[in-house]
Amino acid sequence: MKKGIVVSCLLALAGCAAPVAKMYDGPVLAPSQQVVLRVESRGRTFAGERVDIQLVDDKATLSTGEGILSSSSGAQAVYMLPGKHTVRLRYRGPGAAVTANLWFVGEAGNSYLIKAGQTGDGLKVWIEDEKTGKPVGGVRGSPDEPK
């Protein structure tokens, strides 16, 4: 009986955890050698909004099992190698659900924030350099996207 309660508690805690994914092969690199992309307010489901990072360079950030345990459709933070990346983001908020396909070029040792918000009658999703607060990248397939 006690064992069942402990397992239930662990599953409940796993459901609250914000999933994080390493999107490169090999050992974990030092922070100065990798790029971090994360959601501005991780797991903000209680406020009625959530952004998940579903794909990075067309690779899923979570396995099906991880998604079920965390009740997420993607990771809340990803670690990548420096360079150009494409990401598919899923925003869910009050009365809105949007998928955004963006690109950005990450520099080693830098971290980037995904921001989203409702603007007037629409919704905006973008990526910012965490240190400078300046937007980076753009919409996937746009003329300014590097090849």
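A salt bridge, as the term is used here, is a side-chain nitrogen of Lys or Arg within 4 Å of a carboxyl oxygen of Asp or Glu. With that in mind, let us walk through this structure, which is a predicted model.

A good place to begin is the pair Lys 84 and Glu 145, whose side chains meet in a salt bridge with a distance of 2.8 Å from N to O. Lys 84 belongs to strand 6 (residues 83–93), while Glu 145 lies in the segment after strand 11 (138–139), so this pair ties together parts that are 61 residues apart in sequence. The two partners sit in unlike surroundings: Lys 84 counts as partly exposed because its relative accessibility is 32%, whereas Glu 145, with a relative accessible area of 13%, is buried.

How many salt bridges does a search of the whole structure find? The search finds seven. One of them joins Arg 50 to Asp 52, with 2.8 Å between the closest N and O atoms. Arg 50 is buried, having a relative accessible area of 8%, and Asp 52 counts as buried at 0% relative accessibility.

Another salt bridge connects Glu 128 with Lys 115, and here the closest N and O atoms are 3.2 Å apart. This pair links distant parts of the chain, since Glu 128 is in strand 9 (residues 122–129) and Lys 115 is in strand 8 (residues 111–119), 13 residues apart. Glu 128 is buried at a relative accessible area of 11%, and Lys 115 is buried too, at 16%. Together with Glu 40, these two residues are linked in a network of salt bridges.

Now for the sheet. Six strands form an open sheet in the order 1-5-2-8-9-10, with mixed pairing. At its edges stand strand 1 (20–22) and strand 10 (135–136); each has a single partner strand, so one side of each is left without a neighbour in the sheet. Further in, strand 2 and strand 5 (residues 77–80) pair in the antiparallel sense over four bridges. If you look along this pairing, you can find Val 36 opposite Tyr 79 in strand 5.

Strand 2, residues 35–39, also holds Arg 38. Is Arg 38 buried or partly exposed? Its relative accessibility is 22%, and the cut-off for buried is under 20%, so Arg 38 counts as partly exposed. Leaving aside residues up to four places away in sequence, Arg 38 touches Ile 53, Gln 76, Ala 77, Tyr 112, Leu 113, Ile 114 and Glu 130. With Glu 130 there is a polar contact of 2.3 Å between the side chains. Arg 38 and Ala 75 are 37 residues apart in sequence, yet their C-alpha atoms are 8.5 Å apart in space.

Tyr 112, one of the residues that Arg 38 touches, leads us on to the rings. The whole structure holds one aromatic pair. Its rings are those of Phe 104 and Tyr 112, with centres 5.2 Å apart and planes at 55°, so the pair is tilted. Both rings belong to buried residues: Phe 104 has 0% relative accessibility and Tyr 112 has 2%.

Rings also meet charges in this model. The charged end of Lys 22 sits over the ring of Tyr 24, at 4.6 Å from the ring centre. In a second case, the charged end of Lys 124 is placed over the ring of Trp 126, 4.9 Å from its centre.

How values were computed. Residues are numbered from 1 along each chain as its sequence is written. This is a predicted model: local features need pLDDT of at least 70, side-chain atom pairs count only at pLDDT 80 or more; totals for chains, interfaces and linings use all residues. Side-chain values use heavy atoms; hydrogens and water are left out. Helices (H or I, at least four residues) and strands (E, at least two) are DSSP runs, numbered from the N terminus. Buried means under 20% relative accessible area, exposed over 50%, partly exposed in between (1.4 Å probe, protein chains only). Contact means heavy atoms within 4.5 Å. A polar contact is a pair of N or O atoms within 3.5 Å; within protein, one must be able to donate a hydrogen and the other to accept it, and residues adjacent in sequence count only if both atoms are side-chain atoms. Rings of Phe, Tyr and Trp (its six-membered ring) pair if their centres lie within 6.5 Å; planes under 30 degrees apart count as stacked, over 60 as edge-to-face and the rest as tilted. A charge sits over a ring if NZ of Lys or CZ of Arg is within 6 Å of the ring centre and within 35 degrees of the ring normal. Two strands pair if DSSP finds at least two bridges between them.
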